[in-house]
Structures are given as C-alpha cells and as structure tokens.
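Here are some notes for a colleague who has not looked at this structure before. Please read them with the sequence and the model open.

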Amino acid sequence: MKLAWRGPMWHWRGPAPHYFVSVPDDLCAALKDASKLVTYGWGMIPVSVGIGELEYDTSLFPKDGGYLVPIRADVRRAEGLEEGDELTISLELRAGKAARATRRRT
C-alpha cells in the first residue's frame with residue numbers, strides 16, 4: 001500500500017520531544033485494515049517514509065484513532081524543516097520492524 005498527502009509538521013513537547021505529521025482521517029481507515037497484516041504490536045505499523053530527497057524507515061504511532069508519522073532529526077536537518085512547515089509525505093507499508101538507514105530517494 002502506498003499513500004501520499006501534504007500536512008504540517010508539529011512538535012510534541014513531551015518528556016522526549018518529537019516532530020510528527022498527522023495522517024489525514026480519510027487515509028486512516030485503510031491503514032487500520034492493513035495494520036492487522038503488518039503490525040508488530042501496540043498498533044505500530046512499519047513504513048517507509050519519503051520527504052523531499054530522502055527516504056527512511058520508521059513506524060506509524062497510533063494516536064486517538066489516527067496515526068502519526070515521526071519525522072527524524074537527520075531528515076529535518078538535511079531538508080531544512082521547521083515546525084509548521086507543510087510537508088509532502090509519501091508512505092509505503094513494510095513487513096517487519098527491521099529498518100534501513102536514511103537514504104536518498106531513487
């Protein structure tokens with residue numbers, strides 16, 4: 001399954017601060033259906049995320065009936081991203097939780 005959308009990057013100021021882009025509600029139903037096949041626990045869904053020229057592996061975080069895409073620090077630095085920036089996200093489901101390093105998109 002491949003998905004793409006645009007959304008603002010926001011900062012969660014918890015004990016371990018992170019940056020995220022929320023998955024739009026209209027895409028969450030398909031992800032919930034697919035999660036039964038790929039989740040490795042706690043509703044986490046392994047994905048490959050593309051932003052700008054970079055691609056990386058991570059997992060979607062389930063939150064309040066939806067999903068959050070974590071935006072890695074190395075990607076934020078390389079792409080010059082700041083809180084509130086509108087990002088174009090491409091996302092592809094992966095099987096398993098083994099992840100590859102950040103890489104240039106082909």
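Is R13 buried or exposed? R13 is exposed, its relative accessible area being 58%. The model is a predicted one, and the points below take up its salt bridges, its aromatic pairs and one helix.

1. Start with the partner of R13. The side chain of R13 makes a salt bridge with E83, and 3.2 Å separates the closest N and O atoms. R13 sits in the loop between β1 and β2, while E83 sits in the loop between α2 (73-79) and β6 (86-93), so the bridge ties together parts that are 70 residues apart in sequence. E83 counts as partly exposed, at 41% relative accessibility.

2. The bridge from R13 is not alone: the structure holds four salt bridges. One of them joins D57 and R94, at 3.7 Å from N to O. D57 belongs to strand β4, and R94 to the loop between β6 and β7 (103-104), so this pair ties together parts that are 37 residues apart in sequence. Both of these residues, D57 and R94, are buried.

3. Another salt bridge is formed by the side chains of R72 and D74, with a distance of 3.0 Å from N to O. R72 has a relative accessible area of 29% and is therefore partly exposed. D74 is also partly exposed, at 27% relative accessibility.

4. Next, the aromatic side chains. How many aromatic pairs does a search of the whole structure find? The search finds two. In one of them, W10 and F20 are tilted, with 5.3 Å from centre to centre and 35° between the planes. W10 is in strand β1 (residues 2-12) and F20 in strand β2 (residues 18-22); the two are ten residues apart, and the pair links distant parts of the chain.

5. W10 and F20 are placed as follows with respect to the surface. W10 is partly exposed, with a relative accessible area of 28%. F20 has a relative accessible area of 3%, so F20 is buried. Why does the pair of F20 and F61 count as edge-to-face? The planes of the two rings stand at 70° and their centres are 5.4 Å apart, so the pair is edge-to-face; the cut-off for that class is an angle over 60 degrees.

6. The pair of F20 and F61 also links distant parts of the chain: F20 is in strand β2 and F61 in strand β4 (residues 54-63), 41 residues apart. F61 is partly exposed, with a relative accessible area of 32%. Taken together, W10, F20 and F61 make up one aromatic cluster.

7. The last element to look at is helix α1, which covers residues 25-38. Helix α1 has 14 residues and reaches 20 Å from its first C-alpha to its last, close to the 20 Å expected at 1.5 Å a residue. Where is the kink in α1 centred? The kink, of about 30°, is centred on K32.

8. Which residues of α1 are buried? They are L27, C28, L31, A34, S35 and V38. The buried residues of α1 pack against several strands, namely β1, β3 (45-51), β4, β5 (66-70) and β6. Of these strands, β1 holds W10 of the aromatic cluster, and β4 holds D57 of a salt bridge.

Methods: Residues are numbered from 1 along each chain as its sequence is written. This is a predicted model: local features need pLDDT of at least 70, side-chain atom pairs count only at pLDDT 80 or more; totals for chains, interfaces and linings use all residues. Side-chain values use heavy atoms; hydrogens and water are left out. Rings of Phe, Tyr and Trp (its six-membered ring) pair if their centres lie within 6.5 Å; planes under 30 degrees apart count as stacked, over 60 as edge-to-face and the rest as tilted. Helices (H or I, at least four residues) and strands (E, at least two) are DSSP runs, numbered from the N terminus. Buried means under 20% relative accessible area, exposed over 50%, partly exposed in between (1.4 Å probe, protein chains only). The expected span of a helix is 1.5 Å times one less than its number of residues. The bend at a residue is the angle between axes fitted to the seven residues ending there and the seven starting there. Contact means heavy atoms within 4.5 Å.
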